[in-house]
Amino acid sequence: MKILTKKNIYTLVLVLLIYFLVLLLSNVGIIDSYIQLNMVIVGINIILAVSLNLITGFTGQFSLGHAAFMAIGAYASGIMTAKLGQPFIVGVAVAALSASLAGLLIGIPTLRLRGDYLAIATLGFGEIIKIIGLNNDYVGGAIGLNDIPRYTNWTWLYFSVIATIFIISNFVKSYHGRACISIREDEIAAEAMGVNTTYYKILAFVIGAFFAGIAGALYANYFYFIKPDTFGFMKSIDILVIVVFGGMGSITGSIVGAVILSVISSFLQGFPELRMVIYAVILFLIMVYRPQGVMGDKEFKLFNKEGGLSGNVSSK
Amino acid sequence: MEHFIQQIVNGISLGSIYALMALGYTMVYGIIKLINFAHGEIYMVGAYIGYALTTFFNFGFFPALILSMILTSLLGVVIEKVAYKPMRNSTRIAALITAIAVSMFLQYGMMYFVTPQTRSYPNILPDIQVSLFGTNAVVDIRNIYILTVTIVLMLLLQYVIHKTKTGKAMRAVALDGDASQLMGIDMNKTISYTFAIGSALAGAAGVLVGIYYNTINPLMGAVPGLKAFIAAVIGGIGVIPGAVFGGFFLGVTETVVSALGGSLYKDAVAFAILILVLLIKPNGIFGSNQREKV
């Protein structure tokens, strides 16, 4: 397989171009702190949505506990950087590894369940992790963990997002990814064809949790402080909504969904009393009129076959 | 020992409320396979209607309870018609998100109208306490009311489901929707009846909880809603006696855990029980095991 195809080179150039452009604009001051804040939120949401899309969209496992992995990552990184004074890279690594370990521990028993039962079990695990956080004094209990140093910057954010998209989209296109998709399409048929369904379900869960952990670390080290309530049931729902809105099984869909819903959400900050009501109505309208999501399971292509933005996320 | 008996009494009251709500979950899930996340909000609305009736209109306990049940059953039917009916043929995940959207809409819509402040229920029941077996464990009149109302409503439900035509239709649709339509059952009407009955039970639970705990707020439905759903799953979703058992079991377990000093972990215990039940007996304690067919 050739790595240095025209398409890949274009993609790399484009990725670096966007990186330096934004870096330049923030140094000049055109991108102010408000836009930066929103960029961080969008970036974190993209990582969360793409990683949940691997679990729910591609492997077809209905998880309502994705925020729990983010919580584990956030707390792991918070403890590492704030309490133990480690550099950010250690925080991110520990966050990702501990979240994926949690994914493994939660995945092995629960992934025997199917459909709604799996959803409820993952919801239960999410709540249990939140309650443990609420009652653990070492991490501040309900008050939360304070004084986390701010290490998350544009470089960390951008390359984490790119890495997530790159790794997951390549995973999905690989042999293992196709095994995951076959589970979504028909679990019994996949099993009959010799796909080790349990193994691939857990694998998808662990990889998804790994990136959710990274998202948690970025979150913790940007907002200075974290508390368990941030990572409750509603956060899991928010992530799920991004995935469904963008289109299950479409990575570009998740990106588009994360951007649009983050923009809607920050726009609605202007109506604090009715914000959630309007959000609920929007959700409802999306589900009624576009239940397959903005992108369906298609991928967005900027240029056609010869290369372009979709180089790392092109369709199946 | 006294302490223990007292906790059992409290647990049964809490369990009655979970059981009433779990019935609605289990019926709705049985018939359209949807986790009705808005069910906890119907319970909240029921509590507010009861509050309004007793505070502003000076209704007694029973008129307030019955009127609140009627209004919440209407609300349930409207929710079904407006929000769930268009989603009947879409994916499970879309239907689930719709249910969550309805739940958020009711929570925050209510918050907009009644403000987020906590309100306290008026004392409409006489103040009588009976001590049990000559010990210090007391049974409040409210415990008795809650248990009595719950049992009466459950008997009524049993009657409706097993002896009336509507109940027969509900059971038929739950068993096989398409086949029951071929037999001439009006599925839409049956689903509406299911929502009406389930919501009425949730509304009753709302009024009872208002009287029992005295405080209500617009977000009160979220956690009990999840707990009631857990109760329904523990008993075996779609199985009515299972929901009742699950509700009482969860209520008693929760109060006992609190009494043993684990009040901070009582929610975690509920979820842990849920996961344990799902792993050991995925169809619930009373559920029948169905093999998945190709």
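Here are three short exercises on the predicted model above, each with a worked solution.

Residues are numbered from 1 along each chain, chains are lettered from A, and ligands are numbered from 1, as written. In this predicted model, local features need pLDDT of at least 70, side-chain atom pairs count only at pLDDT 80 or more, and totals for chains, interfaces and linings use all residues.

**Exercise 1. State the confidence scores of the model and of chain B.**

Step 1. Take the whole model: ipTM is 0.83 and pTM is 0.87.
Step 2. Turn to pLDDT, the predictor's confidence in each residue, from 0 to 100. Chain B averages 87, and 97% of its residues score at least 70.

**Exercise 2. Describe the fold of chain A.**

Step 1. Count elements as DSSP runs numbered from the N terminus: helices (H or I, at least four residues) and strands (E, at least two). Chain A has 12 helices and 0 strands.
Step 2. Check compactness. The radius of gyration, taken over C-alpha atoms, is 19 Å for chain A, close to the 20 Å of the globule rule for 316 residues, so chain A is as compact as a globular protein of that length. That rule is 2.2 Å times the number of residues to the power 0.38.
Step 3. Add the extent: the C-alpha trace of chain A spans about 50 × 50 × 40 Å along its principal axes.

**Exercise 3. Map the side of chain A that touches chain B.**

Step 1. Count contacts (C-beta atoms, placed from the backbone, within 7 Å). 31 residues of chain A meet 31 residues of chain B.
Step 2. Locate them. α5 (115-135), α10 (233-246) and α12 (275-289) of chain A each give two or more residues. α5(A) gives the most, with 11 residues.

Definitions and conventions. Contact = placed C-beta atoms within 7 Å.
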